[in-house]
Amino acid sequence: MQFLPDATACEELGIEIIFASSPQGKGRIERAFDTLQDRLIPELRLNNITDMTGANSYLQHVFIPQFWRKNLIVKSKTSNTEYTPVSRYINLDDICITKVYRKIRNDHTFSFKGKLYFIDSPLKHSIANQKIEIRTSKNKRFDAYFAGRKLQVTEITEPEKLSSEDYEIQKKLEVLALADRLGNVAEAYSRTTKKLNKFGIYTGYDLKNADISWIKKTFTVVLARTVEELRGKSAVELKDVNDSRDRICVSQSMGKPVIELTELSEAVTAHATKAAFKLRRFKSYTSAITIFIHTDSFRQAEPQYHKSQSIKLPYPTADTSTLVSYASFALKAIYKKGFKYKKAGVIFEELSLHDDMQQLELLSETLPLNISSKTLVIDEINRKFGRSAIKLASEGFSQSWRPKDDLAPLSYTTKLSDLPIAKA
């Protein structure tokens with residue numbers, strides 16, 4: 001069922017919409033509409049009110065206090081309010097807007113309202129074939145989000161497709177030109193991708209002479225860096241594995257469909273614990289955390305649900321207990337019953353080092369970048385006696401959600417105990 005934007009916003013805020021499905025309920029709504037049409041509109045006409053400002057003023061100061069409250073409102077039995085305050089971790093501007101979803105193509109482009117857009121934001125991993133969230137504000141401008149992260153996009157023009165005859169002619173001309181330059185026709189048929197072939201690029205020589213701005217818009221940044229390398233410019237930087245990172249992601253598919261919140265919470269806690277350990281290994285701290293869960297997209301016959309929740313932390317931290325608490329809070333906010341969840345994950349963003357400058361709060365005390373002694377002791381014990389020698393109880397003990405690894409190949413390159421032994 002496709003929900004309206006208002007219904008989607010209420011769902012994200014945990015507000016239950018009660019529809020007037022009974023004849024009695026519909027009758028009350030229709031009588032209220034009749035009252036507004038038969039009484040309010042004539043009164044506005046009698047008072048010569050013709051603009052929106054005057055109508056709102058008359059509604060608030062005359063119609064509601066003198067007629068609506070006296071004749072139509074039933075006094076409640078209790079004066080206690082049932083309003084629930086909005087959590088300070090929820091940004092209403094990210095919820096009370098229009099949201100639609102588009103599928104990302106293999107070249108990191110997507111279409112929206114008849115136009116094609118390219119994702120400019122640097123990405124360490126491909127997000128092709130994933131769904132991107134389009135948020136449209138009141139001024140009709142839109143922003144693209146993926147996993148709670150805002151992406152930079154640029155409008156591009158989709159290249160025109162050549163006809164079969166033009167394609168064959170262009171192909172023959174380029175092959176002859178390359179044969180003349182390279183001296184070998186066979187070299188013109190080097191291994192390339194199908195999409196490069198569609199645009200007349202068959203060899204490394206073609207790729208070297210291609211327009212790099214067109215390559216960036218039509219393909220990926222990785223291919224653009226390859227073009228720069230072919231031109232003799234160092235574009236691919238070799239980084240040490242221990243260098244600082246801009247985000248840390250830990251996720252894993254379930255070994256079975258998970259339905260209950262308790263079992264899903266165990267998986268999220270395990271992922272958050274592992275990500276926090278990586279965070280401390282790189283001597284970093286995180287200021288934002290994102291939790292995502294989704295069902296099996298390959299089982300289209302079953303109900304589908306894909307959701308993520310981002311939380312901006314009040315101060316950078318690398319403490320396991322603190323991060324698990326925020327992760328559990330975010331999970332409870334997006335969890336819905338009745339779905340078979342296949343995958344869950346935790347993303348730490350806005351990372352900073354201990355020596356980095358810290359943004360201080362004006363009206364509140366900013367805590368120093370320290371890790372609790374409990375977390376440090378647990379890390380030391382696990383380092384001496386093996387991983388998970390001590391762990392949080394919320395990780396569970398059986399962990400039946402984990403995938404079965406009894407058929408996994410041995411770690412010949414990382415474990416001496418898994419090396420085969422030859423006996424004479």
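This passage looks at the nonpolar cores and the second largest pocket of a predicted model.

Start with the packing. The largest nonpolar core takes in 37 residues, and the members that touch the most others are L264, I289, I291, I293 and F348. Two or more residues of this core come from each of β8, α9, β9 (284–295), β10 (306–317), α10 and β11 (341–349). Of these elements, α9 gives the largest share, with eight residues. For a closer look, take L264: setting aside neighbours within four places in sequence, this residue is in contact with M254, V258, I293, L331, Y335, Y341 and A344. One of these partners, I293, is also among the core members that touch the most others.

That isn't the whole story on nonpolar packing. A second core, separate from the one above, has 11 residues, including I119, I132, I134 and L151.

Now for the pocket. The second largest pocket holds about 750 Å³ of space and has 27 residues in its lining. Nearest the centre of this pocket sit T273, K274, F277, R387 and S388. The elements that put two or more residues into the lining are β8 (247–258), α9 (261–281), α10 (320–334) and α11 (373–385). Once again α9 turns up with the largest share, here eight residues of the pocket lining. As for chemistry, the lining breaks down into 11 charged, 10 polar and six nonpolar residues.

Put side by side, the two pictures meet at α9, which supplies the largest share of the largest nonpolar core and also the largest share of the lining of the second largest pocket.

Definitions and conventions:
Residues are numbered from 1 along each chain as its sequence is written. This is a predicted model: local features need pLDDT of at least 70, side-chain atom pairs count only at pLDDT 80 or more; totals for chains, interfaces and linings use all residues. Side-chain values use heavy atoms; hydrogens and water are left out. On a 1 Å grid over the protein atoms alone, a cavity is a set of points where a 1.4 Å probe fits but cannot get out, and a pocket is an open set with protein on both sides within 12 Å along at least five of seven lines; lining residues have an atom within 4 Å of a point. Grid points are joined across faces, edges and corners, and a volume is the space filled by probe spheres set on the points. Helices (H or I, at least four residues) and strands (E, at least two) are DSSP runs, numbered from the N terminus. Ala, Val, Leu, Ile, Met, Phe, Trp, Tyr, Cys and Pro count as nonpolar, Asp, Glu, Lys and Arg as charged, and the others, Gly among them, as polar. A nonpolar core is a set of buried Ala, Val, Leu, Ile, Met, Phe, Trp, Tyr and Cys residues joined through side-chain atoms within 4.5 Å. Buried means under 20% relative accessible area, exposed over 50%, partly exposed in between (1.4 Å probe, protein chains only). Contact means heavy atoms within 4.5 Å.
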